Amino acid sequence: MAPPTQLAIAASSVSRLLKEQASYHRELADQEAEVAKQEESIKKGGSDDDGNAEFMLKQSKTAVEQTKAVFAPLKQRLDEAVTKLEDQIALAEEAGGSEGLENAKKVLGEAKTSS
């Protein structure tokens, strides 16, 4: 079996980063929902068996902030990977087409719409 081309590697890199970005967005939404739930419970004076509801809320808010901090570097890595993919697509088109060119263009389109 032939090793993957630079085009295939660039396309899979962009695809992986898009999946990672989507995963972090889901994680952030879950964490924010948990924070809202904890805040509501504290406002209602819900039962706090071990007396650490405020601490747990603070920890949850910290987790939200840490997740948000991931997005800037991830976006930068994604932008760099997209640029590399665009270059590889241009090279493949100049060479008269290549195996995987359509898939690479599809991944590039997904990256453009997600940004």
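These exercises work through the helices, cores and salt bridges of a predicted model.

Residues are numbered from 1 along each chain as its sequence is written. Because the model is predicted, local features need pLDDT of at least 70 and side-chain atom pairs need pLDDT 80 or more, while totals for chains, interfaces and linings use all residues; side-chain values use heavy atoms, without hydrogens or water.

**Exercise 1. The main core**

Task: Find which residues of the largest nonpolar core touch the most other members, and which helices supply this core.

Solution:
- Start with the term. A nonpolar core is a set of buried Ala, Val, Leu, Ile, Met, Phe, Trp, Tyr and Cys residues joined through side-chain atoms within 4.5 Å. Buried means under 20% relative accessible area, exposed means over 50%, and partly exposed lies in between (1.4 Å probe, protein chains only).
- The largest nonpolar core has 18 residues. Leu7, Val14, Leu78, Val82, Leu85, Ile89 and Ala104 touch the most other members.
- Now place the core on the helices. H1 (6–43), H2 (53–94) and H3 (101–114) each supply at least two of its residues. Helices here are DSSP runs (H or I, at least four residues), numbered from the N terminus.
- H2 gives the most, with 7 residues.
- Take Leu78 and leave out residues up to four places away in sequence. Leu78 then touches Val14, Leu17, Leu18 and Gln21. Contact means heavy atoms within 4.5 Å.
- A general tendency fits here: in soluble globular proteins, nonpolar side chains tend to be buried together.

**Exercise 2. Salt bridges within a helix**

Task: State how many salt bridges a search of the whole structure finds, then describe the pairs Glu20 with Arg16 and Lys75 with Asp79.

Solution:
- Apply the cut-off. A salt bridge is a side-chain nitrogen of Lys or Arg within 4 Å of a carboxyl oxygen of Asp or Glu. The search finds 7.
- For Glu20 and Arg16, the closest N and O atoms are 3.6 Å apart. Both residues lie in H1, 4 residues apart, about one turn of the helix.
- Check accessibility. Glu20 counts as partly exposed because its relative accessibility is 22%. Arg16 is partly exposed at 45%.
- Widen the view. Arg16, Glu20 and Arg77 are linked in a network of salt bridges.
- For Lys75 and Asp79, the closest N and O atoms are 3.2 Å apart. Both lie in H2, again 4 residues apart, about one turn of the helix.
- Lys75 is partly exposed at 37%, and Asp79 is partly exposed at 34%.
- The spacing has a general basis: an α-helix has 3.6 residues a turn, so residues three or four places apart point the same way.

**Exercise 3. A salt bridge between helices**

Task: Explain why the salt bridge of Glu32 with Lys68 ties together parts that are apart in sequence.

Solution:
- The closest N and O atoms of Glu32 and Lys68 are 3.9 Å apart.
- Glu32 lies in H1 and Lys68 in H2, so the pair ties together parts 36 residues apart in sequence.
- Glu32 is partly exposed at 36%. Lys68 is partly exposed at 40%.

**Exercise 4. The span of H2**

Task: Compare the span of H2 with the expected span, then look just after the helix.

Solution:
- The expected span is 1.5 Å times one less than the number of residues.
- H2 has 42 residues, and 62 Å is expected. From first C-alpha to last, H2 reaches 61 Å, close to that value.
- Just after H2, Gly96 takes a positive phi of about 90°.
- Lys58 lies in H2. Lys58 counts as exposed, at 55% relative accessibility.
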